[in-house]
Structure formats: structure tokens, C-alpha cells
Amino acid sequence: MIHFVLLISRQGKVRLTKWYSPYSMKERSKVIRELSGIILNRGPKLCKFVEWRGYKVVYRRYAGLYICMCVDHDDNELEILEIIHHYVVILDHYFGSVCELDLIFNFHKAYYILDEILIAGELQESNKKTVERLIDAQDLLEEVAEEDASSVNHIIAQASKNK
Amino acid sequence: MGSQGGFGQSKEFLDLIKSIGECRSKAEEDRIVLREIETLKTRLSSPNTPKFKLKEYLIRLLYVEMLGHDASFGYIHAVKMTHDENLLLKRTGYLAVTLFLNEDHDLIILIVNTIQKDLKSDNYLVVCAALNAVCRLINEETIPAVLPQVVELLGHQKEAVRKKAVMALHRFYQRAPGSVSHLISNFRKRLCDNDPGVMGAALCPLFDLITIDADAYKDLVVSFVNILKQVAERRLPKSYDYHQMPAPFIQIKLLKILALLGSGDKKASEQMYTIVGDIMRKCDSTSNIGNAILYECICCVSSLHPNPKLLEAAADAISKFLKSDSHNLRYLGIDALSRLIKISPEIADAAQHQLAVIDCLEDPDDTLKRKTFELLYKMTKSSNVEVIVDRMIQYMISISDSHYKTEIASRCVELAEQFAPSNQWFIQAMNKVFEHAGDLVNAKVAHNLMRLIAEGFGEDDDAADTQLRSSAVESYLQIMGEPKLPSAFLQVICWVLGEYGTADGKYSASYITGKLCDVAEAHLADDTVKAYAITALMKIYSFEIAAGRAVDVLPECQSLIEEMLASHSTDLQQRAYELQAILSLDANAVEKIMPMNSTCDDIEIDKSLSFLNGYVQQAVENGAQPYIPESERSGMSNISNFKSQEDHESSTHALRFEAYELPKPMLSQNVPPILASSTELVPVPEPSYVSDILQPATSAPSGSDAGPSELRLRLDGVQRKWGRPTYSSATPSTSSNDAVKIQNEATQRDSVGMSNSKARDVSYDSRKQQVEISPEKQKLAASLFGGVSKSDGRQPSSSQKVSKHQNPTSDKSRAAKAAAPDTAVVKTPQTPPDLLDLSEPSISSSAPSVDPFKQWEGLLDLKQDPTPVSAGGVGSTETSDFMSLFTDMSLNVPSDGVAGTMPNVINGNGLGGIMADHSAQQLNKGPNLKQALEKDARVRQMGVTPSGQNPNLFKDLLG
């Protein structure tokens, strides 16, 4: 099971965190501090796994961004590496050659996508197309909702003007 | 398509992110965030804020919390937003609550109603959003509220909903297995779902269920094998492919399940052999995901009923992993090796594995090193325990990570206990472990050590036991002067000195007591150590008195005792008073109280305290309340220990509405302490000083009688780890034999080294550099792997002529080794054939087909690449050079090349693949470059520029 997902920039800035096991706020910041200390200082040729507090943290670097997942001791590390990649590929497709800035400004979208890939700490969908179709459907629905909202606001504004 | 112009955010939000991005210090960032929090606080609670603006504020709040600041004031707004009719706001609300709230948060109860409503929505996307929240937020108490709807959704027409419903049920099962136990059949049903995604999701809960009880699912073996077969034959839609592998994630999950089902079940295993073998053959070992499947196959094979063919395939795969340049693969190789070694120990005999393992052990990569130690831990035998524990201790000293230090320390102790070749070695090893990690190891370990010294090795050999004790005393007297010894170690030292310090008559009582006083004075803050020290003093004095010698209490001891008499700790006080009382008694009485060398005698304990029955009866007749056991006193459950409280709460986890019971009248004054101590006197694994305090201090003799015996009482609860059978089978029982054996081993090792050096002389000119690394490693390999195969992996790479020379010499040494125990050297050509068998195939496989020049090149390569390289050696380094160039270059090439960047491709064959990928990226370059430029321009318009601090912001992640 995946216990949490972290996206950390090379400077140690947090870009996204998702916790699948309960951690208090205090623990969370401690975990992030500890892990960014360990992972950011690892050389490029070392293995992408870190044994940490009885768990394993698997990470992968993309440009200036580190994506880490903390998993149980008996999970398959290479599989987790590929789950990370699976996520990035979908992000890439969604944003159109994704860069760190996309994730900073649209981190909530990154969360939505992550929610379609992982659920309750397990991989729920390995089919890239299915995930993309769902996300598109959601975006479409949101756009409609947004239009509705703005038209409603428009009507309200009109009505209040008329008064 | 997703990133609309300007990232779709308001100017305010962009400014916030920009200013945080440009912060120079943490303090500056905090200031900005605190200001933002103030803004959000007023805006979110203002009634005039338009709804669509609320959405953005909530996202800003998420951002604030992500930066590590408290955003709890806004949680309620997130909850409110989930109630909204507008889907845009609802989704944002759900996202926010899943990120903000833990499942035990008070606000959850306010969301349940909304979730219930949304689960019934006509819009499947709303249902999906609600199910996401269900997975994250629903706790044990609220499961019943949504369970019926979730079950209904298992039959929803949209596969996305079915999938999430399965996962939600899985989550419920993890939370509270009891709540969904009647629904487990649904998981089996979903296995036959038309949609592979739903089927894949159903594998998660089934995996959990099978982990708990494999027997109940044996009937599914055929189905799982069939599914796996279909997946491997690419019968699933092509969109499930990932890097040209058919649905690899589903394959891995299925392999995990098969491993569980086939474990220890011959019949089930036989059904799986074919498919697992097929998959192993089909795996593409140039891609990460292919190797992931391969690794999972090895894990599966190692858990199935052994099958020689599969084991062979697994061993091949492992050797490929171990030879790889990628640390990832070597790590997995080591892990796989440690799994396989359990069922086929002979795999460790392969020489190339041995050297690869040693390379990993000396690798600067900590992760790899630790994994290797794990492997060594699993393959420790009495023949290699010294080397392994020695290495472990060295590593333990060098690291600072306390979590791992604890683990490795307890492993050292465990191995040393199980396989110790001699007493001296054991004591030395323990000293080192305790000296460097004493405060980290479990208290049990310390007690085990005391117990061991007290009981000896268990055989009826008093001489050996005495020797063990005196060597312990000796080493402790040496070591105890050192500053900063851990408390646990000092306790052991004090105890041993007290028991055995004067036993062999080598040291005088005043010398030992002086040392003990030093310890107590040097550790004034540590009451436990002081208590151990004073009890030790008491023992030594009473032994002296019992032996009829005059006791002269050193002045420093006297002052120490006086200090203790006035100590704040009642425990120390009591011990000091007891000591004083003993000093004034005569020899006869003292011998009764403190019999010499009695730590191993059992003391009969009447746990029911039947001798008090009369007294209790009388008290009850006089109107005292009868005793109610702790577990029955419901009002007291808060005070009772944590576990029973847990039990209590789980049985009645609903809220309790009835009033608290009135406090019970106090029991009569005399009964409680005795009863309390009765529960405390039961042997406990951990030391608890409460027991000493609670012991009635009134009757001095009986109290002090319990003093020395208390250690033994505690030890009774300790799990008996001392592996007597393995030990006695491994080494002869008497210590003199031990010594002989060790000497023999030493000479064996020497002779191995000699043979290596001889061989080296012969081949010296042909491989100068290599020689400098190999002898130590060979030696290490020999000592680690018990010298099973002296022919190491390097041999094949030396020329045939050399190996011809080498063979006779090593044969001789082998013959010598075989004869070593009898010391009569039988120099006959009859050598053990198995040893030769090991070396020859590898020679014949590589040497004859290669021309000498190629081999020279291969040898030179060995400097960088320690694995045995045949003709392909030159190619591989070139490849890696090219690879590094390529990865550097590819950072600058923006691309869509999903399958392109594979930093872990190591095989020389992968070259072609990389070239192909590379050209594909070139093709992709055009439109992407444009896109990137557009984005760049857009960003610059907004005024966010990459500073020196964050130069990578614009770099495509997949570039």
C-alpha cells in the first residue's frame, strides 16, 4: 500500500502532498523535512529507493522535481517507480509537456488526476486512456457549471441593477 | 488542452505564488503566508463573498496548508462547499475535505449526509467524487451510513463507478473487517467484471483477503491463472499496455496473489508453473516495467513449491540483476537472492553472485548496503558468523540513523547468540554492540545477555561456564572506565560484577566494590544504574560475609550508601537500607538470604497467594469489600493499561451516555499493597521498578531475598532465543574443542589466502590492477560463503594458461583443507570433484571462444565494471558513456517521448532501442518546442521569471 505521495522541488519546496495513511500536521511536516533531507542529497546514480522508518520510499526525479511514494516493505519498488512514471505521463498529456510551473499553478488539477490513478493507497487504474477520458469528462462538466454560475451571476447582477 | 491561458487563476493567486517563489528566506515566506491567512480568514467568513470566488479562496487555503501552515479555520468552509449544488464548487469542496481532514476528524459527521445524497446522484461524476471522499473520510462509525449505497453502486453501469465502489469496500474492509464480512463474495463477483479496470481493482481486496486466509480461496487458483494467461497473451485492450508490456500492473498483482496461494501447496503450485515460466521468458528485461514483472516472478517462484526449472530461470534472472550497472536492479537482485536462498541455498555457491554481493556491501550507496546486510543476516551460519557480525558492527558504528541502528544492533545480538563460535568472541561482540548502541537495543537483549552469562551455554560443563563468566568480568572491568557508556550496558556490567566479580578469586572484593562505586558516582542522574550498582555491592558484601571474610567497607562505598539512604527514589532507599541490614548480620543468616551463585535456581511463587486466604476471609467477615479483579472494574478502565482499554472501546465503540459510576469505597488499608504486588510479581519481560517499590519493605529478610532473585524473575518472561540445537550441532561442546576448531578455521582461511596469492603470482603480469582489489574480496567471499567455492568469478576472465597453473595449486590447498582437521596432509590427486565442477563450466563458456586481445580489453574494463565481462565488455562501457551523454542531452530536449527516457537501460542490446527512441524524440521536437515557447512567453507576460533559485521551473518534466 502507498502511504503517501510527495512532490518536492529541488529546493525542498513542497509541490503536492497526498496522505493515504493518517498523519497529524506535525508528523507531516516532520516527514517532509526528513525525507527531503535524505532524498535531495542522494547522488544521481544511487538507487531510487530509500529504506526509512521500516517503510520504503521510492522516488524519481523529473527535471527539478522529485516525486516520492512511501510504500510498505514488501511492495515491488520497480512497480512503484513505474506508477510514478504513469502519473507523470498522464500529467504530461493533460498539460501538454508538463513543467513544474504547471503543477504550482494548477496543483488542484494534479490532485484530481492523482485521485483517478490512486485511491486509498492502491493503484486503481493503469489504463492511461481511461484516466484521461474521466478527467476530460470532469473538466467538461465543470466548464458547463462555470458557465451556469456566471450566467446566474449575470442575471442576479441584472436584477439588482433593475431594482 | 488543460493549461488554459494564464493557468486559469486570478491575478491575486498568481502574485501570491510568485512572491512565495521569490522568497529569499523562510521567515519572509512565513510572513507572506501569514498575511495570506489573514486575508483568507476575513474573505471566507464574509457573507458577501461570491460563491465562485470561494472556490479560489479554498484552493489558496490548500496551498497555504501545503506549505505547512495551519489552515484549520477554513475546514468548515470546505465542508460547506461540498453541500453546494454547483458541481464545480462541490468538486472543489470534496477535494479540499479529502486533503484537509483525517478520517477521525470531528467535521466528518457533517459530510456524511452530503455523501449519502451524492452517492445517489444521476451524474456518475458526482458519484465518483463522493466515492473518492468515501475512501478517504469514512471511518468505522460512519461505515453503516453509506455501506448499502456503496454496495448498490457495485452494479452501476459506469465502470469507473464500479471500480471506485470496489475500492471503497476494500477500504471499509481495512478499517473494520467486521463491517463488510458479509459482503466479501462481492469481490469474487467483480473478478468476472467485463471491464479489466474493475477486475484489476477487485484484485486489491482479494490480495488482502488471501493474505489472511489463503485456504478459503484455493478454488480461485484456476481463475487467477486463466486471467494471468489472458493478460500475458495480450487479450486485454491495447490501451492497458505500458511500455509494450501487456497490463503489467495487473500482472504484478496477480503474481503476488499466486505467490500467496501457491505457498506451501504443491497442487496449487503445479497449476502455476507453466504460466509463471511463460511470463519469465516473455519479460523484456531492458525496460523497468519488464524487470518489475521479472522480479515479481522471482518472488512468486521463491514462495511456490520448489520447481527446479523455475528456480533455474529465477537464478538466471538474479544473476542478470546483480551484474547490472543500475543500482536499482542490483538492489532488487540482492533482495531476490535473499528470498531464493531460503528455498535453494545452493544459489549462494555461484561464484559470480558472491562477488556481486561483496561489491554491493562495499558500495557507497547506503540503501544497497543495508539490503546486502539483510541478505547476509539471512545466510549467516556458524562458519561465517564472525565475519558478518563484525561487518555489521562496523557499519552500525558508522551510521547515525537511530532507527536502523536499533535494527542492526538487535540483529547482531540475535546472530551472535545463535551462532557464536566461542565465549570470548561472543562477549567481545556484545561489548561492542552495547558500547555503541546500548541505549537503542531492546531491554530484553540486555536481560538475555545476563541470563546467558548466568546460565552458561546450557551444557553440563561448569568449567566452560566459569570461563565465560570470568572472561566477561575481565572485559567489563576493562571497558567500564570509558566515558559515556549506555545505561543498559552499565546495568549488565553492574549485575555481572555483582554476581561473578569475586567468584574466581582473581579480583578482591574491595577492588570490585571500588569500581562499582565509581560507576554509581559517574552516573548520578541514572537511578537504574545506581540501583544495579548498589544491589551488586550488596551481593559482593554478602558473599564475603558468607565466606567468613572480614568486610571492610571502603570509605567511598560508605558515603555512597549514606547518600542512597537519603535518596529521593524510594527504590534506591530501600536497596540501601537492605544493604545496611545485611552488613550487620552474621554469616549464617546472610548465606540464607543471599546464597552464592543461585541466580539460576527457581523460586516457587504462589501466584494465587493462597497463604493469605485466611487473612482475607477474616477481613471480609469483618465487613471489608471483596476484591474485584482489575478487568471487572469498569470505572477504572481509564487507568488500566492501554491494551485493555482498546479492547474495551472496540467492544463498545458507540458513545456512552450513562453517567459514570460512583467511586467505590477504598479497600481496607492492608489488603491492596499485597494484592498489587501479587500482580506485579508475575514474571514480566520488561524490567519494572514499580515491583521493587511495591514490595513490602517491612520484612527485611524476605524483601532482600526477592532482591537478587528479581532479575531471574524478569528473565522468566523473556522469550528464549538462545538457539541451543543449532549451536551444539555446529560446534563441539567443550571449550577446548572450540579453540581447536577456531584455529583450524583460521588455518583454512590462511591456506585459502595462500592459494590465492600463489595463483596471483602466476597471473600477476596479466592483470596488475585487478590483483589489487581481488585478494581481500576473495578472502571475504571465502569467509562469508564458507569457502564453498574458491573459484571466483574472475577466474574465467584470466587466460587459459593461467587457469591451468592455478588449478593444481588450488587443488593442493583444497586437499590440504580437506585434511586440515586431522593435520595429516594427504597430497593425493584425488580432490573433491564438486569444487572443480564449479569452476570449469564458467571457464569453458567464455574462454575458448574469445581471442586473446578481446580478453585484454575485457580485463581492463574490469576496473570499472567488477562483474565478469566477456566479449561484450567493451561495448558496454561505451554504451554507458553514450547513455550519460544522452541523458544530459535529453534534459534540454523538450519532448513527449513517454517511453523515451529510460535511465535504467543497461544492457548493451538496449543501444538500438535508445537510438530509436532518440529519433522519435527528434520527430516530436517540433510541435513541443513551439508549445514550450508559447508557455514561456505566457509566463513572462505574467511576470513570473525563473530566478537563479529555481531554474528548472519551466523545464519539461519528461524532457
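Buried here means under 20% relative accessible area, while exposed means over 50%. Keep those cut-offs in mind for the views below, which all come from a predicted model.

**View 1. A:Ala120 sits in a loop with a positive phi.** You'll find A:Ala120 in chain A, in the loop between strand E6 (118-119) and strand E7 (122-123). At 9% relative accessibility, it falls under the 20% cut-off, so A:Ala120 counts as buried. Its phi is near 50°, a positive value in a residue other than glycine. Most residues other than glycine have a negative phi.

**View 2. B:His243 is another non-glycine residue with a positive phi.** Here phi is about 50°. The loop holding B:His243 runs between helix H12 (221-232) and helix H13 (248-262) of chain B. B:His243 has a relative accessible area of 13%, so it is buried.

**View 3. B:Thr114 is tucked into the buried class.** This residue belongs to helix H6 of chain B, and its relative accessibility is just 4%. Leaving aside residues up to four places away in sequence, B:Thr114 touches B:Thr82, B:His83, B:Lys90 and B:Tyr94.

**View 4. A nonpolar patch shows on the surface of chain B.** B:Ile76, B:Ile109 and B:Leu110 make this patch of about 270 Å². One of them, B:Ile109, is in helix H6 (residues 108-119). With 58% relative accessibility, B:Ile109 counts as exposed.

**View 5. A negative patch shows on the surface of chain A.** Four residues form it: A:Glu143, A:Glu146, A:Glu147 and A:Asp148. Among them, A:Glu147 lies in helix H5 (residues 128-162). Its relative accessible area is 55%, so A:Glu147 is exposed.

Terms used: Residues numbered from 1 in each chain as written. Chains lettered and ligands numbered in written order. Predicted model: local features only at pLDDT ≥ 70, side-chain atom pairs only at ≥ 80, totals over all residues. Heavy atoms only, no water. Patch = residues over 30% accessible without salt bridge, like charges linked within 9 Å, V, L, I, M, F, W, Y side chains within 5 Å. Areas by Shrake-Rupley, 256 points an atom, 1.4 Å probe, with all protein chains shown as cover. Salt bridge = Lys/Arg side-chain N within 4 Å of Asp/Glu carboxyl O. Helix = DSSP H or I, 4+ residues; strand = E, 2+ residues; numbered from the N terminus. Buried < 20%, exposed > 50% of the residue type's maximum accessible area, 1.4 Å probe, protein only. Lys, Arg positive; Asp, Glu negative; His and termini not counted. Charge placed at Lys NZ, Arg CZ, Asp CG, Glu CD. Contact = heavy atoms within 4.5 Å.
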